[in-house]
Amino acid sequence: MSKNLRLKSARAAKDMSQKDVADAVGVTRQTINAIENGDYNPTINLCVSICRVLDKTLNDIFWEDDQNE
């Protein structure tokens, strides 16, 4: 699993820390960190929650495009 730089970028664009996102979706900061580092594969429900908080689509943050990765 590769790093999720799109999640980190979307979070930064909203001026949110990992803890801010974690609190908004009901997980720990470490979970958000693990997702960003590619160490944790979140459930679809968690992906949807993160996208809602960041005003992004699943494709914007979680779709793996081999040409752009």
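The following exercises, each with a worked solution, concern the predicted model of a single chain.

Residues are numbered from 1 along each chain as its sequence is written. Because the model is predicted, local features need pLDDT of at least 70 and side-chain atom pairs count only at pLDDT 80 or more, while totals for chains, interfaces and linings use all residues; side-chain values use heavy atoms, with hydrogens and water left out.

**Exercise 1. Overall architecture**

Determine the secondary-structure content of the chain and how its radius of gyration agrees with that of a compact globule.

Solution.
1. Helices (H or I, at least four residues) and strands (E, at least two) are taken as DSSP runs, numbered from the N terminus. The chain has five helices and zero strands, in the order α-α-α-α-α along the sequence.
2. The radius of gyration is taken over C-alpha atoms, and the globule rule is 2.2 Å times the number of residues to the power 0.38. For 69 residues the rule gives a value near 11 Å, and the chain has 11 Å, so the two agree.
3. Along the principal axes, the C-alpha atoms fill a box of roughly 35 × 20 × 20 Å.
4. Contact means heavy atoms within 4.5 Å. Among contacts between residues at least 6 apart in sequence, 55% join residues at least 24 apart.
5. Buried means under 20% relative accessible area, exposed over 50%, and partly exposed in between (1.4 Å probe, protein chains only). Of the 69 residues, 33% count as buried.

**Exercise 2. The nonpolar core**

Identify the residues that touch the most other members of the largest nonpolar core, and state which helix gives the most to this core.

Solution.
1. A nonpolar core is a set of buried Ala, Val, Leu, Ile, Met, Phe, Trp, Tyr and Cys residues joined through side-chain atoms within 4.5 Å.
2. The largest such core has 15 residues, of which Leu7, Ile32, Ile35, Ile50, Leu54, Ile61 and Phe62 touch the most other members.
3. Helices 1, 2, 3, 4 and 5 each supply at least two residues of this core. Helix 4 gives the most, with five residues.
4. Two of the residues named in step 2 may be followed through their contacts, leaving aside neighbours within four places in sequence. Ile50 is in contact with Leu7, Val25, Ile32, Ile35 and Phe62. Phe62, which lies in helix 5 (residues 58-62), is in contact with Asn4, Arg6, Ile35, Pro42, Cys47, Ile50 and Cys51.

**Exercise 3. A buried glutamate**

Locate Glu36, classify it as buried or exposed, and find the side chain with which it makes a polar contact.

Solution.
1. Glu36 belongs to helix 3 (residues 29-36).
2. Its relative accessibility is 6%, so Glu36 counts as buried. The buried residues of helix 3 are Thr31, Ile32, Ala34, Ile35 and Glu36. Their cover includes helix 1 (5-13), helix 2 (18-25), helix 4 (44-54) and helix 5.
3. Not counting residues up to four places away in sequence, Glu36 touches Lys3, Asn4, Leu7, Lys8, Arg11 and Gln18.
4. A polar contact is a pair of N or O atoms within 3.5 Å; within protein, one must be able to donate a hydrogen and the other to accept it, and residues adjacent in sequence count only if both atoms are side-chain atoms. The side chains of Gln18 and Glu36 make such a contact at 2.9 Å.
5. Gln18 is found in helix 2 and, at 13% relative accessibility, is likewise buried.

**Exercise 4. The cysteine pair**

Explain why Cys47 and Cys51 form no disulfide.

Solution.
1. A disulfide is a pair of cysteine sulfur atoms within 2.5 Å.
2. For Cys47 the closest cysteine sulfur is that of Cys51, 6.6 Å away, which is too far for a bond. The count of disulfides is zero.
3. Cys47 is buried because its relative accessibility is 7%, and Cys51 is buried at 4%.

**Exercise 5. Positive phi values**

Describe where Asp15, Asp55 and Gly38 lie, and state what phi each takes.

Solution.
1. Most residues other than glycine have a negative phi.
2. Asp15 has a positive phi near 55°. Asp15 sits in the loop between helix 1 and helix 2 and is exposed, at 71% relative accessible area.
3. Asp55 also has a positive phi near 55°. Asp55 sits in the loop between helix 4 and helix 5 and is exposed, at 58%.
4. Gly38, just after helix 3, takes a positive phi of about 75°.
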